[in-house]
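Please look at the sequence and the model below, and keep both in view while you read. The paragraphs that follow go through the structure one part at a time.

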Amino acid sequence: DFDEVFREQDGDPLLDVDPVSRAGIRSWNREQVWRTYLNAAANVDRAIEQLVGHFREAIGGAPHALVVLSDHGQSIYEDGSLGHGRSLHARQTQTPPLVWGLGGDWPEPVGVADVRGLVLGAIDRGERGRVRFVPDEGRRVFQYLPNLARPALLGWRSLDGAIVYDGAHARASREDGSPGAGDDPELLALVHAWESLR
């Protein structure tokens, strides 16, 4: 959570940043907020590095794989908002997975819901080395906010963008800002996908 990052600022100044104060977290101070966020992220990265080091030390030379995922990214006033998990814009939903110790071909785009099957498949097939992300023009990832039972936003993300249905305003749009027609087959498939998941 963004507020957690700024609550105490107990991280080290790894990026030679003077952290912004809570009162300074404002759109007019976006650059300093961004630099403070990057420094906090660097501290998290260092903590993960230490955790992985302890894990590897504990297991010795046993084979292992590491997968790091995120459900959404962070907006820092790029679209006028501060926070995460509030839109289905690419900035908040296209987060890179980090995969180490597994091999094989993984489709792109890939969603968090796909990862379990991909990991188990790679293990079953003994695929080690490096994962290769293979673009799949026909593949779509289902997205929703804030929850599946009562979503405010539903979306399909593909390689060439997204279509999003805004339930609060009963309208659809494409990521480029163009409106989506009510009889658009992609939009109808999106709503049917949501209904089947419910």
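What you see is a predicted model, and a good place to begin is strand β7, which covers residues 141-145 and has four of its five residues buried, so that the strand is largely enclosed by the rest of the structure. Its partner is strand β8, residues 153-158, which runs antiparallel to β7 and is joined to it by five bridges. If you follow this pairing at the level of single residues, you will find phenylalanine 142 opposite tryptophan 156, which belongs to β8.

From this pair of strands we can step back to the whole chain. The protein chain contains five helices and eleven strands, and its C-alpha atoms fill a box of roughly 55 × 55 × 25 Å when the box is taken along the principal axes. Of its 198 residues, 31% count as buried, while the accessible surface comes to about 12400 Å², with 52% of that surface belonging to carbon and sulfur atoms. How far apart in sequence are the residues that meet in contacts? Among contacts between residues at least 6 apart in sequence, 53% join residues that are at least 24 apart.

Helix α4, residues 112-124, shows how one element can have two faces. Val115, Leu118, Val119, Gly121 and Ala122 are buried in this helix, and because they cover an arc of only 165° around the axis, they are on the same side of α4. The face turned away from that buried side carries the exposed residues Ala113, Arg116, Gly117, Ile123 and Asp124. What covers the buried residues of α4? The cover includes the strands β1 (66-68) and β5 (104-108). Just after the helix, glycine 126 takes a positive phi of about 70°.

Strand β5 leads us on to the charged side chains, for a search of the whole structure finds eight salt bridges. In one of them the side chains of arginine 132 and aspartate 105 meet, at 3.0 Å from N to O. This pair links distant parts of the chain, since arginine 132 is in strand β6 (residues 131-135) and aspartate 105 in strand β5, with their positions 27 residues apart in the numbering. Aspartate 105 has a relative accessible area of 46%, and is therefore partly exposed.

A second salt bridge brings us back to β8, where arginine 157 pairs with glutamate 175, their closest N and O atoms being 2.8 Å apart. Because arginine 157 lies in strand β8 and glutamate 175 in the loop between β10 (171-174) and β11, the pair ties together parts that are 18 residues apart in sequence. Is arginine 157 buried or exposed? With a relative accessible area of 4%, arginine 157 is buried, whereas glutamate 175, at 33%, is partly exposed.

Another salt bridge is formed by arginine 174 and glutamate 186, whose closest N and O atoms are 3.0 Å apart. Here too the pair links distant parts of the chain, with arginine 174 in strand β10 and glutamate 186 in helix α5, twelve residues apart. Arginine 174 counts as partly exposed at 26% relative accessibility, and glutamate 186 counts as partly exposed at 27%.

These two residues also belong to a network of salt bridges, in which Arg174, Asp184 and Glu186 are linked. Where does aspartate 184 lie? Aspartate 184 is found in the loop between β11 (179-180) and α5 (185-197), and its relative accessible area of 13% is under the 20% limit for buried residues, so it counts as buried. Leaving aside residues up to four places away in sequence, aspartate 184 touches Ile163 and Arg174.

The last stop is on the surface, where Leu14, Leu15 and Leu38 make a nonpolar patch of about 220 Å². One of these residues, leucine 14, has its place in the loop between α1 (2-7) and α2 (30-59), and with a relative accessible area of 37% leucine 14 is partly exposed.

Notes. Residues are numbered from 1 along each chain as its sequence is written. This is a predicted model: local features need pLDDT of at least 70, side-chain atom pairs count only at pLDDT 80 or more; totals for chains, interfaces and linings use all residues. Side-chain values use heavy atoms; hydrogens and water are left out. Buried means under 20% relative accessible area, exposed over 50%, partly exposed in between (1.4 Å probe, protein chains only). Contact means heavy atoms within 4.5 Å. Patches are made of residues with over 30% relative accessible area and no salt bridge: like charges are joined within 9 Å, nonpolar side chains (Val, Leu, Ile, Met, Phe, Trp, Tyr) within 5 Å. Accessible areas come from the Shrake-Rupley method with a 1.4 Å probe; for residues, only the protein chains shown count as cover. A salt bridge is a side-chain nitrogen of Lys or Arg within 4 Å of a carboxyl oxygen of Asp or Glu. Two strands pair if DSSP finds at least two bridges between them. The arc is that of the directions from the helix axis to the C-beta atoms.
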